[in-house]
Amino acid sequence: MLNPDQARERAADIVSRATAAGADAADAVYAADMSLDISVRLGALEDVGRSESADLGLRVFVGQRSASVSTSDLSSDSLAALVDRAVAMAREAPEDVWAGLAPANRLMHGAPPLLDLDDLAGGGDGASPESLRDAALEAEDAARAVVGVTNSEGGSASASRSIWALATSHGFAAAYAATGYGLSASVLAGEGGAMVRDYAYTSARHRHALEPAAVIGARAGDRVVARVNPGRLASGPMTVVFDPRIGSSLLGHLIGAISGSSITRKTSFLLDALGTQVFARGVTVLDDPHRPHGLRSRPFDGEGLPVSPSTIIADGMLESWLLDSASARQLGLEPTGHAARGVGGGPGVSTSNMHMAAGKMPVATLIEDIVDGVFVTELIGMGVNGVTGDYSRGAAGFRIEKGVLTGPVAEFTIAGNLKDMYRNLTPANDLEFRFGTNVPTLRIEGMTVASG
């Protein structure tokens, strides 16, 4: 695998070739990845997967026409043909008055922020097949040791390192490396058709930051045993409380609704909501691309713009769209540094380390006045309409009776409209930074529950 400097030079070189071949402007992405995945089941090694890839994507502009091409063949002859093909394609493409590179005066200059994303120490024995196997076995053993666990889907551990480089004909060229480590266990409890499954996992940029394997395994075992022999809920209006590991999906729907493409296409349920009250007062949503060794930290965005911490929701008010350069031009606004892209095609948008700020109430206080409600730990299906905000998903979890979690429940649907759900949402004070997007426990009033 190339180092970041070599990756940056490779991206800059293909951009230079494109402009020499007749492109008015161009940008290129170089992405390389190497990973090792180990899985075990019932105490025995089940699978070892090792992969390594390197791809280069080129986008060229001829006037207001553009084309994108990509390749994993990085030989000199292949790259020469790639450039010629891209320029020829662009000359025949339809015009797009909004397309183009990010404004040159907005590009990041100077040294990128130090985010500590590359765990060189962990890349030693900590990423060996033997150490990953041992961690996966320990996690699965701890899960299977929980009384009531009857079978296992296995334990897994992984280690990866990636390089990402971007260069543009406006003079930007930069690259960075990032490592990633993961550990999980998935087990079953119950028998026959009443069998249930649950899991636990941990992920981090640095190997030492992973939660201990025994903790992950025990958590998976405890979760699945608690779900055995689920009952049914009565149908009707009900207060719904979301576990943090699935509550983050509510912010995913927010991202989709405030992305530039949704606004320019007028396909968002929050189309006219900028500067208005979207969530309940007291709710704040933040995005921080500079969090040291964050799972989604990055020194610059997918167009070469600098990134910085931003407030998306402040005291319930929607403060900003998420804009790349094309959508910003169309809306007459400035790009927000949220552009994201892969090797193929043009930029879209994405947040980085997004989270909802913790509220003031402990979870016990949050639920203590709920006479009849449900605590949701699993969501099933994707019945969400991004245009209208209508929300309907299958779910499983635990009944809340007189302020206390009681027995498990399953095979029910929760429904509402995201606009109402956001305005009736209350966060607890138990925020933890475990994932790329993080929320505390969330309470939402007035949803509709339908039992299967």
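These legends go with a set of close-up views of one predicted model.

Since the model is predicted, local features need pLDDT of at least 70 and side-chain atom pairs count only at pLDDT 80 or more, while totals for chains, interfaces and linings use all residues. Residues are numbered from 1 along each chain as its sequence is written, and side-chain values use heavy atoms, with hydrogens and water left out.

**View 1. Helices α1 and α2 cross each other.** Here we have α1 (residues 4-20) and α2 (residues 76-92), helices being DSSP runs of H or I with at least four residues, and strands runs of E with at least two, numbered from the N terminus. Their axes come within 9 Å and cross at roughly 50°; axes are lines fitted to C-alpha atoms, for helices over the stretch in contact, and angles run from 0 to 180 degrees between N-to-C directions. That makes the pair oblique (under 35 degrees is roughly parallel, over 145 roughly antiparallel, 65 to 115 roughly perpendicular, and the rest oblique). On the α1 side, look for Ile14, Arg17 and Ala18; they meet Ser76, Leu79, Ala80, Val83 and Val87 of α2, where contact means heavy atoms within 4.5 Å. Sorted by type, the residues of this contact are six nonpolar, one polar and one charged (Ala, Val, Leu, Ile, Met, Phe, Trp, Tyr, Cys and Pro are nonpolar, Asp, Glu, Lys and Arg charged, and the others, Gly among them, polar).

**View 2. Helices α3 and α4 make another crossing.** The axes of α3 (residues 129-144) and α4 (residues 213-226) come within 7 Å, at roughly 35°. From α3, the contact takes in Ala135, Glu138, Ala139, Ala142 and Ala143; from α4 come Ala213, Ala214, Gly217, Ala218, Ala220 and Gly221. That gives eight nonpolar residues, two polar and one charged.

**View 3. Strands β2 and β3 form a hairpin.** Strand β2 (residues 44-62) runs antiparallel to β3 (residues 65-71), and seven bridges join them; two strands pair if DSSP finds at least two bridges between them. Find Gly57 and you can hop across to Ser70, its bridge partner in β3. Two residues lie between the strands, and Gly63 in this hairpin takes a positive phi near 65°.

**View 4. Leu42 and Lys266 both have a positive phi without being glycine.** Most residues other than glycine have a negative phi. Leu42 has a phi of about 55° and sits in the loop between β1 (25-41) and β2. For Lys266 the value is about 60°, and its loop lies between α7 (260-264) and β8 (285-287). Leu42 is partly exposed at 40% relative accessibility, whereas Lys266 is exposed at 61% (buried is under 20% relative accessible area, exposed over 50%, partly exposed in between, with a 1.4 Å probe and protein chains only).

**View 5. Helix α6 packs on an open sheet of five strands.** Read across, the strands go β10-β9-β8-β13-β18, with mixed pairing. The edges belong to β10 (317-318) and β18 (437-438); each has a single partner strand, so one side of each has no neighbour in the sheet. Strand β9 (residues 310-314) runs antiparallel to β10, with two bridges joining them, and Ile313 stands opposite Leu318 in β10. Helix α6 (residues 249-258) touches β8, β9, β10, β13 (354-356) and β18, and its direction makes about 120° with that of β13.
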